[in-house]
Amino acid sequence: AQEGRTTIIVAHRLSTIRNVDVIYVFKDGKVVETGNHSELMKKKGHYYDMVMLQSDGDEEKDVSFFRVIKLNSPEWKSITAASLCALSSGFAMPLFAVILGDFVDVLSNPDQDEVWRQVTNYALIFVGVGVFSGITNFVMVAFFDDKENSTGALCARLSGEAAAVQGATGQRIGSVLQAVGTFGLALILSLVYEWRVGLVALTFVPVLTFTAVEAVANVRTVASLGREATFTRDYASQLEPALVTAKKGTHWRGIVYGLSRSLFNFIIAAAMYYGGTLIVNEGVTYSNVFKSAQALLMGASSAAQALSFAPNFQKGIKAAGRVIVLLKKQSKITDPDTPAMENFRGTGQASLQAVQFTYPTRPNIQVLKKLDLEVEKGKTIALVGASGCGKSTVIQLLERYYDPDGGIVAQDSIPLVKLRLIDARQSIGFVQQEPILFDRTIGENIAYGNNVSKPGMDEIIEAAKQANIHNFKQRVAIARALIRRPKMLLLDEATSALDTESERSSKIFTYL
Ligand SMILES: Nc1ncnc2c1ncn2[C@@H]1O[C@H](COP(=O)(O)OP(=O)(O)O)[C@@H](O)[C@H]1O
Ligand SMILES: [Mg+2]
């Protein structure tokens with residue numbers, strides 16, 4: 001920390017905070033130990049235990065696909081069934097093509113009685129394929145949607161990497177397996193029936209894949225998020241009611257989706273049956289029957305797609321309603337009628353005195369229980385403690401994102417509630433754990449950090465240089481915090497991305 005700037009660090013890896021001035025150790029909503037690294041190590045208390053714990057063995061960093069799958073292991077039976085159904089529902093299209101081919105062949109038979117007999121058979125076969133694909137799709141959607149909903153409903157409020165997990169589970173797996181089934185069987189059959197035609201068809205696969213991917217992405221664009229790893233008991237119990245409603249919707253959606261898929265085959269069955277009778281009785285050419293069936297099919301598959309979107313539409317309307325309610329909400333964090341001081345400029349000193357805090361959305365859990373914390377001007381302070389012990393909460397109280405239920409959060413001995421919001425936040429730079437960058441140039445992203453004046457390019461470049469650490473996103477976010485020229489810098493796990501390279505992470509503080 002240079003130029004007398006106060007820095008507050010929430011660090012995941014304790015090795016990154018060895019050199020800070022004061023370490024506050026949190027436990028159960030209180031500060032249980034205070035001191036610098038060597039003092040705390042001598043004490044052999046909580047801090048010592050945490051350091052010892054971290055030095056043996058690193059925590060998990062990269063989670064493999066199989067790890068994610070393993071989270072689903074209690075449901076392995078239904079997953080297996082649903083996967084098999086997804087795979088075999090993919091068989092429907094290639095099977096259909098083969099049967100259609102045979103059918104066309106039958107129609108060219110001059111023996112009318114024979115044609116009549118066969119037409120009936122084929123119509124039944126198509127009905128069979130329809131039932132088969134209806135059932136497999138129902139099982140597949142019912143299961144994969146179920147997962148998606150149960151996790152989606154509760155995780156929708158969580159942001160960040162959750163979307164990535166969704167990419168590896170749920171509906172996507174169903175769609176992918178289905179596509180694999182379709183393509184696998186189609187390829188085998190096309191090569192077995194006529195390998196030359198198969199090879200020619202294969203050259204179209206890139207185009208096909210492109211459209212298939214489009215289709216997969218479009219089947220459901222609802223951005224529900226799955227982040228199983230972060231589930232806790234609390235969540236599970238809170239979500240029980242949501243799960244029940246989600247399940248109801250799921251079965252309905254399974255039926256609709258199954259229907260929409262089998263519809264395709266039913267239409268073919270009907271068209272071919274009727275077409276067959278026309279050919280036999282009225283001398284219509286089979287090429288006309290074929291064309292008309294194809295036209296119907298196109299319509300049917302569009303209908304199928306539309307049907308599968310119907311539930312999303314309802315959902316969208318409801319979601320919009322909730323957004324509107326949200327937009328109408330007023331913040332409780334407001335400016336005082338008469339601020340204690342005009343044009344307050346913080347110096348980098350802050351304190352929390354006997355602060356009690358409970359998140360309004362979780363009234364039964366008190367996060368901070370009479371917590372005291374002194375932030376001395378110009379010092380570097382680290383907050384450590386187990387995950388969920390309230391470190392980020394303290395940071396957010398310092399920014400006055402929330403007001404404490406009891407006790408005082410103050411800057412330069414003035415309680416934050418008596419300061420204008422903009423003044424209280426003016427002297428603070430904040431780098432969040434997962435910084436959010438705007439879809440603008442890097443310069444604009446950094447400049448955005450200064451809400452008083454528009455920084456010049458030289459200032460932007462200087463801030464960018466000061467923030468010179470190797471993780472790019474963090475670098476921009478830190479530069480954005482620095483361009484405010486903050487008297488106090490709050491780093492909430494902002495260095496976690498660097499933790500793997502410990503020598504580097506110890507260096508960043510010389511830059512800041
Ligand atoms: N926005 C929120 N709403 C409800 N509870 C929250 C919220 N943010 C955090 N909590 C809860 O408050 C406790 C402290 O969280 P936090 O301050 O983020 O811990 P830390 O940063 O030390 O990991 C945890 O039990 C957490 O689940
Ligand atoms: Mg945190």
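## A tour to an aromatic cluster

Start with the whole chain in cartoon view: 18 helices and 10 strands make up its secondary structure. Keep in mind that this is a predicted model. Now switch on the surface. About 27,900 Å² of the chain is accessible, and carbon and sulfur atoms hold 60% of that area. Of the 512 residues, 42% count as buried. If you draw a contact map, look away from the diagonal: among contacts with a separation of 6 or more, 75% join residues 24 or more positions apart.

Next, show the aromatic rings. Searching the whole structure turns up four aromatic pairs. Select Phe 357 and Tyr 359 for one of them: the ring centres are 4.9 Å apart and the planes meet at 80 degrees, an edge-to-face arrangement. Phe 357 is buried, at 1% relative accessible area. Tyr 359 also counts as buried, because its 17% relative accessibility falls under the 20% cut-off.

Stay on Tyr 359 and add Tyr 402 to the selection. What is the geometry of this ring pair? The pair is edge-to-face again, with centres 5.1 Å apart and planes at 90 degrees. To see what the pair connects, colour the loop between β4 (350–358) and β5 (366–375), where Tyr 359 lies, and the loop between α13 (391–398) and β7 (406–411), which holds Tyr 402. The pair therefore ties together parts that are 43 residues apart in sequence.

Is Tyr 402 buried or partly exposed? At 26% relative accessibility, Tyr 402 counts as partly exposed.

Finally, select the three residues together: Phe 357, Tyr 359 and Tyr 402 form a cluster linked by ring pairs.

Methods
Residues numbered from 1 in each chain as written. Chains lettered and ligands numbered in written order. Predicted model: local features only at pLDDT ≥ 70, side-chain atom pairs only at ≥ 80, totals over all residues. Heavy atoms only, no water. Helix = DSSP H or I, 4+ residues; strand = E, 2+ residues; numbered from the N terminus. Buried < 20%, exposed > 50% of the residue type's maximum accessible area, 1.4 Å probe, protein only. Contact = heavy atoms within 4.5 Å. Areas by Shrake-Rupley, 256 points an atom, 1.4 Å probe, with all protein chains shown as cover. Phe/Tyr/Trp six-rings, centres within 6.5 Å; stacked < 30°, edge-to-face > 60°.
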